[in-house]
Amino acid sequence: MNAQTPTSAERAEKLEGMGCKRKRVEDIRFTQGKGNYVDDVKMPNMLYGEFNRSPYGHARVKKIDTTKAAAVPGVVAVLTAETLKTVNLAWMPTLAGDVQMVLADGYVLFQNQEVAFVIAESREAAADGADLVDVEYEQLPVNVDPLKAMAPNAPVIREDLKGKTEGAHGKRKHYNHIFSWQAGDKAATDAAFTKADVTIKELISYPRVHPCPLETCQCVASFDKIKGDLTLYGTFQAPHVIRTVGSLISKIPEHKIHVISPDVGGGFGNKVGAYPGYICSIVASIVTGRPVKWTESRIDNLSTTAFARDFHMDMEIAATKDGKVTAMRCYTIADHGAFDACANATKWPAGLFSIISGSYDFPTAYCLVDGVYTNKAPGGVAYRCSFRVTEAAYCIERAMDIMAQKLGMDPADFRMKNLIRREQFPYTSAFGWQYDSGDYQTALTKAMEAVNYKKLREEQKQKREAFKRGETRELMGIGVIHFTEIVGAGPSRACDILGIAMFDSAEIRIHPTGSGICRLGTKSQGQGHETTYAQIIATELGLPADNIAVEEGNTDTAPYGLGTYGSRSTPVSGAATAMACRKIKAKAQMIAAYMLEVHDDDLEWDVDRFRVKGNPERSKTMTELAWAAYHEVPPGMEPGLEAVDYYDPPNFTFPFGAYICVLDIDVDTGTVNVRRFYALDDCGRRINPMIIEGQIHGGLTEAFGIAMGQEIHYDDEGNVTTASFLDYFLPTAVETPHWETDWTETPSPHHPIGAKGVGESPNVGGVPCFSNAVNDAFAFLGSTHIQMPHDHWRVWTAAEKLGLHA
Ligand code: CDP
């Protein structure tokens, strides 16, 4: 080979394919203020909508008078439930099989519930009008405590369902009960507990929190009366689902609905579902014949759109004296608020919560979840998580620490003893999940070595002795966790949304000059899809990533897809992209064989070309083949070079990680100082290590916020007391600790490129790691479990309860 001919490795590097730290192409526009968000969408003659909202947590609506609102200069119309009833839209179906009021119909069931929608020439006029909607209320008893929801005399939340004994998921036990869902083997688990040497039981609550995308939910609806077409711009994580649900609700034929998600500024599950703002904007556009924009305020976002968690888990573990787990059992009350608008796959009212046996080899396990109604906002979304996996990971990782404490074992040693071993994969859990691949001991060992775990424990021992002697007022905590994730919903046999199988898709067109476009049914909200899908194509097809445009978010052009949430883009659409490439490559191989006058089987692939086996000088590059596909195809072959793939994954993927947190607590102020946070993630084959690191930094920052300060809190009257960033902790660069990231790479055996998802892992693993560290600081004083969030006040209170301020 002559000196100028680039080697295969050099050619591969130039493609910037999988494994390359390719710079994010979307950042060119984002960092220059050139993104195109819903707020940038301005249509001629556009109107603005604003809600009047309930000041009460529970009340009967006796009268709504819109006269004063309608008289505000610039106000064009006011919608109430009565208006919506004329088009049969006063209530809408939810993804969870319930129904939800679009505008208050006789009652309000949570504070800030939507009561009337005022449409005006400006946002300000709409807001003035909304203030002047006159509503007469009669207050009703409130319940915001899920643990009291099924008490005999609890206030009735849903009058409309009071007599109904069957819900979307079977029998209802009580008028505030939504569903019961169970998994595992109850009899075998109960038997194992009877025989157990050691057991623990703890109520582990994961408080109600809220995803905080910087861009709130918003939309612009434009109904064309002449064509009968509806165009809907919005902050949608799943545009096709919005189109289908929109058609089912509005009865507008689906081909007449055009949904466009432009750039989206963060989603985290908050932008999956359908909200009253979307429905009201659509109706308002139909009524007025003009485009209508709805923009949610921060307070509206924090207090009304989909919350997350609010799971209260009574967790038990059984183990032998020498520290081998024998069973786990968990009873959970899930607070779904006033309507069950949880965005889960249809068959899973408690999501994938039965991943709760985590990374450990439990011979038997059982869980039961009861969903209940309260006077709180609806939702229950997978906030940077796969349908309740975060709650499950938090619960098992706290419980493992509590058991280690009872056994007098080091929490890392206890985990190491019970982790599923490498040779057990593919591993079937006690709940029936088939974990695809893992090497857990290697990950935990690497993590422990990286932080010098042994030395940290020695330092902690000395500090504890010094504390007991009164020489310091600081406590040192070490949190260690190993999590297993379940992402990539999903195999259609297990997952659907309203009957639509949860597959995903990619359509790739290669142009004659060897560049191309890939369109997908997913939607990036900042995860860098435009960069990474192109990298998959670069490696698969041997075309430079820079030559591939990636387009998402337009239902008219993208093949049908179920959207982006629950780290499903890489496991499902990443696989679809690779499979579409392989269809293209198969055609290109036939064209190459024809051009080189050899049989297809005599060709081999080399980075960016097919070459003749044993005669590598004779080759055709993919760029040459792209040109040939448009002018020199073999006789009988269709011209062109494109493919679409709808990928129904055979299984979920199971990423995992080992995290360690070291922190110091000042017992007199409750101040927590995170000294060190180390995160090792394994997401199988890594497409872009730089983007993965960014995802982990972002997710850990969210986890820090959740563990150390976030809670959507309601007082007893149903007032939400944390509806702004003044009261709801959103960490900034000032509070956020430094992150150390690391990795191992255990490919998924069933994914075409061996990749698993990663986006949500740091949120899933980060929260229990922080909480374990805080709890570990107090464990030697006999404390077993301090509930989250661990803000200064609550940490101080925990110290007070332990008598540390005496
Ligand atoms: O569905 P979502 O995009 O939120 O999650 P994801 O599939 O975990 O991907 C998040 C980002 O990380 C995307 O840009 C992926 O391409 C990238 N990623 C990667 O580079 N390698 C992986 N094995 C997994 C994700």
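Me: Which residues of α12 are buried?

Reply: This is a predicted model, and in it the buried residues of α12 are Tyr 440, Gln 441, Ala 443, Leu 444, Ala 447, Met 448 and Val 451. To call a residue buried, its relative accessible area has to be under 20%.

Me: Why would buried residues be spaced like that along a helix?

Reply: Start with the general idea: an α-helix has 3.6 residues a turn, so residues three or four places apart point the same way. Now the case here. The buried residues of α12 cover an arc of only 165° around the axis, which puts them on the same side of the helix.

Me: What do the buried residues of α12 pack against?

Reply: Their partners are both helices and strands: α11 (411–418) and α13 (453–468), plus β22 (434–435), β23 (474–484), β33 (656–666) and β34 (671–682).

Me: And how far does α12 reach from its first C-alpha to its last?

Reply: Try the length check: you expect 1.5 Å a residue. α12 runs over residues 440–451, twelve residues, and spans 17 Å, close to the expected 16 Å.

Me: What comes right after α12?

Reply: Asn 452 does, and its phi is positive, near 55°. When you scan phi values, look out for a positive one in a residue other than glycine; Asn 452 is such a case. Asn 452 sits in the loop between α12 and α13, and is partly exposed, at 39% relative accessible area.

Me: Where is Lys 251, and what is its phi?

Reply: Lys 251 also has a positive phi, near 70°. You'll find Lys 251 in the loop between α7 (239–250) and β15 (257–260). With 68% relative accessibility, Lys 251 counts as exposed.

Me: How do I read a cis peptide bond?

Reply: Check omega. For the cis bond joining Phe 425 and Pro 426, omega is about -5°, and Pro 426 belongs to the loop between α11 and β21 (427–428). Another cis bond joins Met 788 and Pro 789, with omega about -5°; that proline is in the loop between α18 (761–779) and α19 (792–801).

Me: Which residues are closest to the ligand?

Reply: Look at the neighbours, then at the polar atoms. The ligand has 23 residues around it, the closest being Gln 527, His 529, Ser 569, Thr 570 and Val 758. A side-chain N or O atom of Ser 569 is 2.7 Å from a ligand oxygen. From the backbone, an N or O atom of Gly 759 lies 2.8 Å from an oxygen atom of the ligand, while one of Lys 756 lies 3.1 Å from a ligand nitrogen.

Me: How much of the ligand's accessible area does the protein cover?

Reply: The protein covers 97% of the 520 Å² that the ligand has on its own.

Notes. Residues are numbered from 1 along each chain as its sequence is written. This is a predicted model: local features need pLDDT of at least 70, side-chain atom pairs count only at pLDDT 80 or more; totals for chains, interfaces and linings use all residues. Side-chain values use heavy atoms; hydrogens and water are left out. Helices (H or I, at least four residues) and strands (E, at least two) are DSSP runs, numbered from the N terminus. The expected span of a helix is 1.5 Å times one less than its number of residues. Buried means under 20% relative accessible area, exposed over 50%, partly exposed in between (1.4 Å probe, protein chains only). The arc is that of the directions from the helix axis to the C-beta atoms. Contact means heavy atoms within 4.5 Å. A residue is near a molecule or strand if one of its heavy atoms lies within 4 Å of it. A polar contact is a pair of N or O atoms within 3.5 Å; within protein, one must be able to donate a hydrogen and the other to accept it, and residues adjacent in sequence count only if both atoms are side-chain atoms. Accessible areas come from the Shrake-Rupley method with a 1.4 Å probe; for residues, only the protein chains shown count as cover.
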